[in-house]
Amino acid sequence: MDHVDREKEAAHDPMAPRGPPSGTWLQKPIVQVTYSLTPTHVLMALLSLTFAALFAYLSLLSKPAPTTALDNGVGKLPFMGYNTWNAYVCDINETVVRESAELLVSLGLKDIGYEYMNIDDCYAEKNRTEDGDIIESAERFPSGMRNTTDYIHDLGLKAGIYSDSGWFTCQLYPGSFQNEDRHVFFCADIELFRETWNFDLLKYDNCAIPFDEIIREGVVGKYKRMADAIAAQAASSGQEPILFSLCEWGREQPWLWAKRFGQSWRTTDDIGAHWDAISSIINQNSFYTWSTDFYGHGDMDIVNAIFAIGNGDLTYEEAKSHFTAWALMKSPLLIVWLQLSAITEESLNILTNTEIIAINQDSVVGTAITPFRWGRNPDWTNDYTYPAQYWSGESENGTVIMLLNVESEPADMFFTLAESPWIRAGRQYSVRDLWTHTDNGTAVRNLTVSAVPAHGVVALLLRDAGDEPAGLDPKCSIMEWCTDQNGTVLEGGV
Ligand code: GAL
């Protein structure tokens with residue numbers, strides 16, 4: 001076979017050898033061409049350039065949306081409220097919902113931001129109607145779902161509902177797959193939830209996933225179906241879009257894509273009311289804090305363990321750590337454990353810490369706290385029992401610090417202020433303790449908190465208080481590459 005045959009062969013046979021054939025390689029003759037420019041050539045060149053620029057511009061416009069949060073007017077801040085699941089599981093009914101909503105108001109929780117009353121799984125009949133609609137359980141919601149949401153709204157609250165992106169919910173009630181925006185029958189699920197029932201929030205689960213041969217898309221596509229339905233429903237009705245709270249337990253990295261579709265995404269499996277669950281969720285979320293900002297929030301699951309205080313599973317200090325971490329990492333704050341009516345004074349005090357809530361609901365800074373040092377472990381260690389301990393973040397009113405004692409006994413915790421990127425070297429900072437609600441003087445360069453309780457937390461707000469005192473030694477609080485202006489490393493520098 002000569003080289004020409006080989007080339008032809010290679011073009012058709014993917015397994016054929018590529019590259020120059022063995023044997024003599026014939027040089028192609030070089031053909032010299034000379035051009036002369038005419039005005040027509042110039043005009044055509046200009047026209048082609050214009051078309052090329054136009055084409056490039058249009059193709060830029062049609063590129064997939066970048067992963068910035070969807071701002072459709074709802075869910076700028078993490079939502080706060082109550083969710084029925086962890087307290088009642090399937091044992092819900094309209095009385096439970098109405099009473100919980102009333103308690104949100106009478107306990108003063110609504111006034112500090114807990115405004116959503118969310119109904120989780122098990123509110124429906126097991127089968128859709130003949131028209132194909134989801135219908136509320138006649139036994140659990142005898143006066144109808146719309147009556148229930150009207151009651152919630154009349155209390156000045158918002159209402160949340162639950163469905164699933166697959167065939168069924170996790171408790172095998174109807175899911176919304178292929179019914180998201182269906183118009184063949186009476187009412188698409190999104191219209192039922194938003195218009196007929198008038199819900200303001202939709203939690204959307206990930207159970208009963210259709211077979212690949214049916215779905216032919218990944219979890220992203222499965223969630224996009226409802227996101228598109230929400231946008232279409234809002235556009236056609238003129239209503240505000242329902243707030244979309246994705247719940248696929250962090251399986252397919254929702255922190256990378258969910259903010260295109262909704263306002264929050266669960267990052268982990270279900271929470272449990274014990275310290276192992278809390279420390280494990282904090283550990284996992286320490287790796288995705290970067291993804292949370294206005295209109296898009298990593299959801300660390302229900303703040304349920306607070307209600308376990310006194311029930312054996314969680315100490316008071318652990319409950320404080322739980323609430324602090326959730327709030328400062330800008331998770332939605334949905335509360336529950338025991339029925340709200342059984343809430344203790346101690347638990348209520350934690351949930352109503354308005355200085356902590358103010359950080360969660362900061363309308364100027366949307367980002368979360370992030371570890372600046374792991375502490376017990378080398379940085380970036382993935383450890384479900386001993387998560388990162390030294391955290392900081394920005395806020396409207398200063399630098400937020402969270403210190404977490406992951407040990408089972410009290411510990412002193414120490415850090416150099418400038419370890420946090422939000423601290424300016426050479427400045428000093430006033431220290432506000434967000435749990436004792438006291439101003440604790442001024443920190444210069446370092447801060448030590450003694451005897452932080454086992455599994456306890458310290459939450460501080462550091463505010464710039466001007467230049468640090470002159471003449472401090474050493475010249476830099478962080479000595480790495482600290483040099484004078486001639487490049488000489490100072491004594492103690494490295
Ligand atoms: C789970 C979800 C829980 C709850 C439950 C209802 O998948 O994580 O928060 O909604 O389903 O069946």
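The predicted model of this protein contains 13 helices and 16 strands. Of its 494 residues, 41% are buried. Among contacts with a separation of 6 or more, 70% link residues that lie 24 or more positions apart.

The strands discussed here belong to two sheets, and the parallel one is a good place to begin. In this open sheet, 8 strands follow one another in the order β7-β6-β5-β4-β3-β2-β1-β8, with parallel pairing. Its edges are formed by β7 (297-299) and β8 (333-335), each of which pairs on one side only. From one strand to the next, the twist averages 25 degrees. Helix α4 (residues 94-106) packs on this sheet, where it touches β1 (80-83) and β2 (116-118), and the direction of α4 makes about 160 degrees with that of β2. Towards the β7 end of the strand order, β6 (residues 264-266) runs parallel to β7 and is joined to it by 3 bridges. One residue to look for here is Ser264, which stands opposite His297 in β7.

Strand β4 (201-205) of the parallel sheet repays a closer look. How many of the residues of β4 are buried? The count is 5 of 5, and the strand is accordingly described as mostly covered. This covering extends to both faces of β4: Leu201, Lys203 and Asp205 are buried on one side, and Leu202 and Tyr204 on the other. The list thus includes the charged residues Lys203 and Asp205. Strand β4 has a partner on either side in the strand order, β5 and β3. With β3 it pairs in the parallel sense over 5 bridges, and within this pairing Tyr162 stands opposite Lys203. With β5 (residues 243-246) it is joined by 4 bridges, again running parallel; here Leu201 has Leu243 as its bridge partner.

Helix α6 (residues 189-196) packs against this same region. It is mostly covered, with 6 of its 8 residues buried, namely Asp189, Ile190, Glu191, Leu192, Phe193 and Arg194. What do these buried residues pack against? Their neighbours are β3 (158-164), β4 (201-205) and helix α8. Just after α6, the backbone at Asn198 takes a positive phi of about 65 degrees.

Two helix pairs can be set side by side. A packed pair of helices is described by the angle between the axes and the distance between them. For α6 and α8 (residues 219-237), the axes come within 10 Å and cross at roughly 50 degrees, which makes α6 oblique to α8. The crossing of these two helices is right-handed. On the α6 side, the contact is made by Ile190, Glu191, Arg194 and Glu195, and on the α8 side by Ala229, Ile230, Gln233 and Ser237. Sorted by class, this contact has 3 nonpolar, 2 polar and 3 charged residues. Of the α6 residues in the contact, Ile190, Glu191 and Arg194 are among those that are buried.

The other pair is α4 with α5 (residues 145-154), whose axes are 10 Å apart and pack at an angle of about 10 degrees. Since angles under 35 degrees count as roughly parallel, α4 and α5 are roughly parallel to each other. From α4, Glu94, Val97, Arg98 and Ala101 meet Thr148, Tyr151 and Ile152 of α5. In an α-helix, residues three or four places apart point the same way, because each turn has 3.6 residues. By class, the contact of α4 with α5 has 4 nonpolar, 1 polar and 2 charged residues.

The second sheet is also open, but its pairing is antiparallel: 6 strands are arranged in the order β9-β10-β11-β16-β13-β14. At its edges stand β9 (370-373) and β14 (438-443); each has a single partner strand, so one side of each is left without a neighbour in the sheet. The twist in this sheet averages 30 degrees from one strand to the next. The partner of β9 is β10 (residues 390-395), which runs antiparallel to it and is joined to it by 3 bridges. Thr370 has Ser392 in β10 as its bridge partner.

A last point concerns Asp276, which is placed in helix α10 (residues 275-285). Is Asp276 buried or exposed? With 11 C-beta neighbours inside 10 Å, Asp276 counts as exposed, because the cut-off for that class is 12 or fewer. Asp276 and Leu314 are 38 residues apart in sequence, and their C-alpha atoms are 10.0 Å apart in space.

Technical notes: Residues are numbered from 1 along each chain as its sequence is written. This is a predicted model: local features need pLDDT of at least 70, side-chain atom pairs count only at pLDDT 80 or more; totals for chains, interfaces and linings use all residues. A residue is buried if 20 or more other C-beta atoms lie within 10 Å of its own, exposed if 12 or fewer, and partly exposed in between; C-beta atoms are placed from the backbone. Axes are lines fitted to C-alpha atoms, for helices over the stretch in contact, and angles run from 0 to 180 degrees between N-to-C directions. Angles under 35 degrees count as roughly parallel, over 145 as roughly antiparallel, 65 to 115 as roughly perpendicular and the rest as oblique. A crossing is left-handed if the near helix is turned anticlockwise from the far one by less than a right angle, and right-handed if clockwise. Two residues are in contact if their C-beta atoms, placed from the backbone, lie within 7 Å. Two strands pair if DSSP finds at least two bridges between them.
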